[in-house]
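Visitor: I should like a close look at a single part of this model, one helix and its surroundings. Please set out the criteria behind each term as you go.

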Amino acid sequence: KTRKKNKDQKHRRKHRQEKLRGPPLRLDDAFGMMWKKMHSLFVMLELLISNMPSLIGSLALAWASLGIDWFKWYEENASDCVPTDYHNEACVFPEFPGCFACDTSRAGYRISLNFHYLCSAISFALASCLIGKLLIAFPVVRDELANPTTAAPLGLLCMALDKCFAGNFGLFGTAIL
């Protein structure tokens, strides 16, 4: 009986060692492998966003305020920046609390402007996480809005979005507001 079993081709195939697979040679195998990797990435991103605390809205507001405050501080204190009318063509960066015409070739101006852009980008990323949580895990957000303690950071998110997008990014910024 055992000899017959060993001669059976199906039995021999079961005990063969499987070969290590290299990169896929067919296009559909490559797409299948990429789909699996992208799906696992999306699952991890969804878990990260849906577990994001609502306090992220207050961090977005803090980062937006930091960038605007330091940029305005430079404009008000730099000797090469002159206050101008809000509707003047020299007013290239119309943000509150005023408008200044500055020499844009100076290193200090470029550093403060790039720091302002960096803070706005960080604020946008943090605010996007909270908006993503609203889209992905709406029942959780609705539950957080039912309690005044956990609903407060969402108001801060609205203020952060206003600071980031008011007067910036054209139609995209207007659509977000």
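Guide: The account below centres on helix H5 and then follows its neighbours.

The model is a predicted one, in which local features need pLDDT of at least 70 and side-chain atom pairs count only at pLDDT 80 or more, while totals for chains, interfaces and linings use all residues. Residues are numbered from 1 along each chain as its sequence is written, and side-chain values use heavy atoms, with hydrogens and water left out.

To place the helix, one may begin with the chain as a whole. There are eight helices and two strands; helices (H or I, at least four residues) and strands (E, at least two) are DSSP runs, numbered from the N terminus. The order of the elements from the N terminus is α-α-α-α-β-β-α-α-α-α. Helix H5 spans residues 107–136.

Two packing partners of H5 can be described in terms of axes, which are lines fitted to C-alpha atoms, for helices over the stretch in contact, with angles that run from 0 to 180 degrees between N-to-C directions. Helix H3, residues 27–50, packs with H5 at an angle of about 100°, and the two axes are 8 Å apart. H3 and H5 are therefore roughly perpendicular to each other, a class that covers 65 to 115 degrees, whereas angles under 35 degrees count as roughly parallel, over 145 as roughly antiparallel and the rest as oblique. On the H3 side, Glu46, Ile49 and Ser50 meet Cys129, Gly132, Lys133 and Ile136 of H5, where contact means heavy atoms within 4.5 Å. Helix H6, residues 138–145, packs with H5 at about 110°, with axes 5 Å apart. H5 is thus roughly perpendicular to H6. Here Lys133, Leu134 and Ile136 of H5 meet Phe138, Val140, Val141 and Glu144 of H6.

Lysine 133 appears in both sets of contacts. This residue of H5 counts as buried because its relative accessibility is 2%; buried means under 20% relative accessible area, exposed over 50%, and partly exposed in between (1.4 Å probe, protein chains only). Leaving aside residues up to four places away in sequence, lysine 133 touches Ile49, Ser50, Met52, Pro53, Ser54, Phe138, Val140, Val141 and Glu144.

Another residue of H5 is asparagine 114. Asparagine 114 is partly exposed, because its relative accessibility is 49%. Its C-alpha atom is 9.1 Å from that of phenylalanine 71, although the two residues are 43 positions apart along the chain.

H5 also takes part in a surface feature. Leu59, Trp63, Leu66, Trp70, Trp73, Phe115 and Leu118 form a nonpolar patch with about 680 Å² of accessible area together. Patches are made of residues with over 30% relative accessible area and no salt bridge, with like charges joined within 9 Å and nonpolar side chains (Val, Leu, Ile, Met, Phe, Trp, Tyr) within 5 Å. Accessible areas come from the Shrake-Rupley method with a 1.4 Å probe, and for residues only the protein chains shown count as cover. Both H4 (56–77) and H5 supply at least two residues of this patch, and H4 gives the most, with five. One of the patch residues in H4 is leucine 59, which counts as partly exposed because its relative accessibility is 44%.

H4 also holds one of two salt bridges; a salt bridge is a side-chain nitrogen of Lys or Arg within 4 Å of a carboxyl oxygen of Asp or Glu. In H4, lysine 72 and glutamate 75 lie three residues apart, about one turn of the helix, and their side chains meet with an N to O distance of 2.8 Å. Lysine 72 is buried at a relative accessible area of 4%, as is glutamate 75 at 1%.

The other salt bridge joins arginine 106 to aspartate 80, with the closest N and O atoms 4.0 Å apart. Arginine 106 lies in the loop between strand S2 (99–101) and H5, and aspartate 80 in the loop between H4 and strand S1 (82–84), so the pair ties together parts that are 26 residues apart in sequence. Arginine 106 is partly exposed at 39% relative accessible area, whereas aspartate 80 is buried at 16%.
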